[in-house]
Amino acid sequence: MRLHHRLSTFVSCGLLLATTSRTAARTLTERSDGAKKDATVLILGGGVSGVIAARTFHEQGIDFKIVEAQSQLGGRVSSFTFGAPGKEFTLENGANWVQGTVTEGGPENPIWGLVQKHGVKTQDNDWTGSITTYDATGPVDYLDLFNDSIDAFTNITILAGERVAKRQVDLSSRTGYQLIGSKLKTAQAMACEYYQLDWESAGTPEESSLITTSWAANFTYDPDFGGFGDSNAMSIDQRGFHTFIQLEANEFLQPSQVLLNSTVTKIEYSTTGAHVTLSNGKTLTSDYVLSTFSLGVLQNDDVEFNPPLPSWKQEAIQTMTMETYTKIFLQFPNNFWFDTEMGLYADPERGRYPVWQSLDHPDFFPGSGIFFVTVTGDYSVRVEALSDSEIQSEVMGVIQAMFPNITIPEPIAFHFPRWHRNPLFRGSYSNWPPSFTSDHHTNLRATVNNRLWFAGEATSQKYFGFLHGAFFEGRDVANAMSKCIKGKGCVTFSHVEDVTNAKPYTI
Ligand SMILES: Cc1cc2nc3c(=O)[nH]c(=O)nc-3n(C[C@H](O)[C@H](O)[C@H](O)COP(=O)(O)OP(=O)(O)OC[C@H]3O[C@@H](n4cnc5c(N)ncnc54)[C@H](O)[C@@H]3O)c2cc1C
Ligand SMILES: *[C@@H]1O[C@H](CO)[C@@H](O)[C@H](O)[C@H]1NC(C)=O
Ligand SMILES: *[C@@H]1O[C@H](CO)[C@@H](O)[C@H](O)[C@H]1NC(C)=O
Ligand SMILES: *[C@@H]1O[C@H](CO)[C@@H](O)[C@H](O)[C@H]1NC(C)=O
Ligand SMILES: *[C@@H]1O[C@H](CO)[C@@H](O)[C@H](O)[C@H]1NC(C)=O
Ligand SMILES: *[C@@H]1O[C@H](CO)[C@@H](O)[C@H](O)[C@H]1NC(C)=O
């Protein structure tokens, strides 16, 4: 049963537009310093947001250049070859699923559109109907609790909707669970709750906003609510999932419009233009800069801004959260585990090696001997700090607990990526904490000095964390910049100088 609410009752407008003077728009074509420009717009970062922004500028006839540190486009869509010699497969270190594809008569996830257009091979992955449950004693059927956890999550999204309609403050998802009466204590129930919330948000219910966690789920998965649909299409394309964005880029991008292997170290900006310095000492000059760097990169000062970003921008950057989602891959000589697509393990410690996925399944890579386990948030940070062999032996201990009567063979291949430690990402994707208010969101997205613009998954109000969030932000911010550049009244995203409480505290 779905409840229908009118969208307009609670969706506040994500764009705050402010008009600046036409003269400001004009000066950019007549730069006072007379420097030779490398492009009108430098797009910093060649992930989904950067490539779609480039496509938008191409359509708008605005001259641009993408600057990307890695040797190829795609960013957090990143594949690798895994497996013992002769049993190798292309797997995904980063994004792997089109989450919410399309429902007849409804909006389509734009990533699904690109996947279809470029013939990327995907397979539906059943996250709720094909799952086997375990705890520290071995296989135990607790699908009743699993079903309850789906209902509890739906119930907190309904509570969130009611609160938005009444203009009540945001809360944590944990408070939401408490208020609907879901006060779980057992390892099994907590593993189920983890599966519904942490496995998606990559943060805990304590760390996740009630309202926006519900929006992200509704707008992605709930067709009755403006969402795309409830399926998850997993890429099994042996060219890599990044094929969808690289082939799209090939359709419009000229070699001269992209600088690969080019790491940005400094962005100098003023009200008339920008200089971008690379690690090789080279400097690029432009009228505008569009940063699509991850929130983690911005939080960790990997790139220097000169002048330093204003305090309202820094507060917004530091208040949003960058989380980590870690897939740990194992390959064995043969499959000894579940024949469902998913497995759920309830450790006494919440979040310890909870979600297991079989790739050695008739729908995916039968005979591959591969399955993988996912950890998130602080547990990912912990895992990244330990050696591969330490993590392998912990994971083997969990597998032995899940399958007590089986003599587990040694894995023939083992791998996990370290997204949190990677200076080009500093995590996997953003998560919206309860302390991040609507004004913070406005400020994360706002333009600085009319020249420095921001896009990427983290600036999306409806789909932060997702590929489709990165897509929409790349498109929408580039369209707004294009209007500005063409001088049809320069419209920037304005900011809020001081983010205040609705009612100031009195002491
Ligand atoms: C493990 C994992 C699993 C995920 N699973 C899914 C999923 O299944 N479905 C889904 O929808 N989303 C998923 N996501 C999220 C999705 O991948 C992101 O939301 C999206 O790819 C972000 O795109 P972006 O363009 O905003 O940022 P990015 O892809 O990070 O692009 C920014 C680019 O900037 C570059 N860069 C950074 N620093 C510098 C520098 N100093 N100089 C030059 N270049 C620099 C980076 O190399 C990168 O290419 C997952 C992410 C991860 C990490
Ligand atoms: C980028 O660097 C890689 C090696 O790190 C190299 O193979 C590739 O040719 C380089 N690409 C460009 C465009 O310079
Ligand atoms: C869980 O829900 C599914 C789908 O509604 C149903 O088929 C199944 O019987 C339920 N299982 C239990 C144990 O309640
Ligand atoms: C969800 O809400 C319904 C309706 O109020 C209630 O019957 C059900 O018990 C709730 N389920 C959970 C798990 O909170
Ligand atoms: C999410 O969707 C449910 C319907 O499934 C709806 O009742 C609720 O209001 C929505 N929540 C938000 C925050 O939009
Ligand atoms: C493991 O073996 C014991 C003793 O034979 C048996 O009681 C138990 O059911 C078995 N467990 C599984 C998961 O097969």
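This briefing describes a central strand and its sheet, the aromatic pairs and two ligand sites. The structure is a predicted model. An open sheet of seven strands runs through it in the order E9-E8-E18-E19-E20-E17-E21, with mixed pairing. By ring-centre distance, 33 aromatic pairs are counted. Ligand 3 has Leu-143, Asp-144 and Asn-147 around it, and ligand 4 is surrounded by Asp-148, Ala-152, Asn-155 and Ile-180.

**The seven-stranded sheet**

- The sheet is open, and its pairing is mixed. Its edge strands are E9 (138-139) and E21, each of which pairs on one side only.
- Within the order of strands, E18 stands between E8 and E19.
- Strand E8 (residues 131-135) pairs with E18 in the parallel sense, over five bridges. In this pairing, Thr-132 has Gly-343 of E18 as its bridge partner.
- Strand E19 (residues 355-358) pairs with E18 in the antiparallel sense, over three bridges. Here Gly-343 stands opposite Trp-356 of E19, and Leu-344 has Val-355 of E19 as its bridge partner.
- Gly-343 is thus a partner of Thr-132 and also faces Trp-356.

**Burial of strand E18**

- Strand E18 covers residues 342-346, and five of its five residues are buried, so the strand is largely enclosed by the rest of the structure.
- In a regular strand, side chains alternate between the two faces of the sheet.
- On one side of E18, Met-342, Leu-344 and Ala-346 are buried. On the other side, Gly-343 and Tyr-345 are buried, and both faces of the strand are therefore covered.

**Aromatic pairs and a cluster**

- A pair of aromatic rings is described by the distance of the centres and the angle of the planes.
- Among the 33 aromatic pairs is that of Phe-89 and Phe-365, whose ring centres are 5.3 Å apart with the planes at 45°, so this pair is tilted.
- Phe-89 belongs to strand E5 (residues 89-92), while Phe-365 lies in the loop between E19 and strand E20 (370-376); the pair therefore ties together parts that are 276 residues apart in sequence. Both Phe-89 and Phe-365 are buried.
- Phe-336 and Phe-403 have ring centres 5.7 Å apart and planes at 90°, so this pair is edge-to-face.
- The pair of Phe-336 and Phe-403 links distant parts of the chain, 67 residues apart. Phe-336 is in the loop between strand E17 (325-331) and E18, and Phe-403 is in the loop between helix H13 (388-402) and strand E21 (413-415). Both Phe-336 and Phe-403 are buried.
- Phe-336 and Phe-403 also belong to one aromatic cluster, together with Tyr-134, Phe-332, Trp-337, Phe-338, Trp-356 and Phe-371. Trp-356 of this cluster is the residue of E19 that stands opposite Gly-343.

**Ligand 4**

- The shell of ligand 4 consists of Asp-148, Ala-152, Asn-155 and Ile-180. By class, this shell has two nonpolar, one polar and one charged residues.
- A polar side-chain atom of Asn-155 lies 2.3 Å from an oxygen atom of ligand 4.
- On its own, ligand 4 exposes 360 Å², of which the protein buries 37%.

**Ligand 3**

- Leu-143, Asp-144 and Asn-147 are the residues around ligand 3.
- Asn-147 has a polar side-chain atom 2.3 Å from an oxygen atom of ligand 3.
- Ligand 3 has 360 Å² of accessible area on its own, and the protein covers 26% of this area.

Terms used. Residues numbered from 1 in each chain as written. Chains lettered and ligands numbered in written order. Predicted model: local features only at pLDDT ≥ 70, side-chain atom pairs only at ≥ 80, totals over all residues. Heavy atoms only, no water. Buried < 20%, exposed > 50% of the residue type's maximum accessible area, 1.4 Å probe, protein only. Helix = DSSP H or I, 4+ residues; strand = E, 2+ residues; numbered from the N terminus. Pairing = 2+ DSSP bridges. Near = heavy atom within 4 Å. Polar contact = N/O pair within 3.5 Å; in protein donor to acceptor, adjacent residues only side chain to side chain. Areas by Shrake-Rupley, 256 points an atom, 1.4 Å probe, with all protein chains shown as cover. Nonpolar A, V, L, I, M, F, W, Y, C, P; charged D, E, K, R; others polar. Phe/Tyr/Trp six-rings, centres within 6.5 Å; stacked < 30°, edge-to-face > 60°.
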